[in-house]
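Morning, everyone. I have one structure to walk through today. Please have a look at it first.

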Amino acid sequence: MKALQETGPFAGYDSDHHPLGSYAALIGTFSTSLVGFLGWMNASGRRLPERLGWKDLALFGVATHAVTRLVALDRVFSVFRAPFTRYESDSTAGEVVETARGEGPRRALGELLDCPFCLTPWVAAGFMVASTVRPRETRFVASVFALSAASFFLHRAYERVGEGLHRTRAQARILEKEQKKDSDAGMQFPGRGPQVVEPGRAPIPSPS
């Protein structure tokens, strides 16, 4: 059986193997789950909030950012990605670089789990669904990740300031050495300059 990218209008999409059929399955899973939740809400007589307040919007937005980076890039969370990805190298701030492996659904899941941007709608939908059913508990969990994100940015700012100070000090030391070198090169010492010779006398060093 041919893969989706090898049939019909999908043929010739590219020369590499992209599991389009598995991508479609992931899209279908996401869409079906979201529509199923909305249907359950309607059948149960529950009502969705009319709108999301700006405080919740900011809270869930920052929490979504933190969760997607943890799931997709964090070194400790690699235990969940390992069946679908291959480790490549370490990155900064406790993160790693990985690539998806395998074929079909395994590769599609690896590409999803390895991509914080791809995970964003899934995580955001999770926060929205949870906040509709259990708003108080969801805000608590989101606050944990939001504080984690704030701490991350503070750590990065601290590192940037420290790196800037180290560069400034290194440049100052280099400049000081160059100035000292130029100063030493401009000085004259006895015995290094031209000598004056008078008849019948030993050479006399020129004054410095």
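I'll go from the annotated segment to a helix, then a disulfide, and then a strand.

A caution before anything else: this is a predicted model.

Start with residues 20-41. The UniProt entry, which is unreviewed, annotates them as a "transmembrane region". What does the model show for that span? It is 100% helix and 0% strand. The end C-alpha atoms of residues 20-41 lie 32 Å apart.

Next, helix H5. H5 runs over residues 116-133, so 18 residues. How far apart should its ends be? At 1.5 Å a residue, the span should be 26 Å. The end C-alpha atoms are 25 Å apart, which agrees.

Now look at which parts of H5 are covered. Pro116, Leu119, Val123, Ala125, Phe127, Ser131 and Thr132 are buried. Keep the helix geometry in mind here. An α-helix has 3.6 residues a turn, so residues three or four places apart point the same way.

What does H5 meet? One partner sits in helix H2, residues 54-73: that is Thr68. Is Thr68 buried or exposed? Its relative accessible area is 3%, and the cut-off for buried is under 20%, so Thr68 is buried. Beyond its neighbours within four places in sequence, Thr68 is in contact with Pro116, Leu119, Thr120 and Val123. Pro116, Leu119 and Val123 are themselves on the buried list for H5.

On to the disulfide. The structure holds one. Which cysteines does it join? Cys115 and Cys118, with S to S at 2.5 Å. The link is right-handed, with 75° about the S-S bond. The two ends fall into separate accessibility classes. Cys115 is at 16% relative accessibility, under the 20% limit, so it counts as buried. Cys118 has 36%, between 20% and 50%, so it is partly exposed.

Last stop, the strand. Tyr87 is in S1, residues 85-90. Its relative accessible area is 48%, so Tyr87 is partly exposed; exposed would need over 50%. What does Tyr87 touch? Setting aside residues up to four places away in sequence, Tyr87 touches Val96, Val97 and Glu98. Take Val97. It is ten residues from Tyr87 in sequence, and the two are 6.4 Å apart in space, C-alpha to C-alpha. Tyr87 also has a polar contact: its side chain is joined to that of Asp90 at 3.1 Å.

To recap two points. Thr68 of H2 is in contact with Pro116, Leu119, Thr120 and Val123. The one disulfide joins Cys115 to Cys118.

Definitions and conventions
Residues numbered from 1 in each chain as written. Predicted model: local features only at pLDDT ≥ 70, side-chain atom pairs only at ≥ 80, totals over all residues. Heavy atoms only, no water. Helix = DSSP H or I, 4+ residues; strand = E, 2+ residues; numbered from the N terminus. Expected span 1.5 Å × (residues − 1). Buried < 20%, exposed > 50% of the residue type's maximum accessible area, 1.4 Å probe, protein only. Contact = heavy atoms within 4.5 Å. Polar contact = N/O pair within 3.5 Å; in protein donor to acceptor, adjacent residues only side chain to side chain. UniProt positions renumbered as here; feature names shortened; annotations may be inferred. Disulfide = S-S within 2.5 Å.
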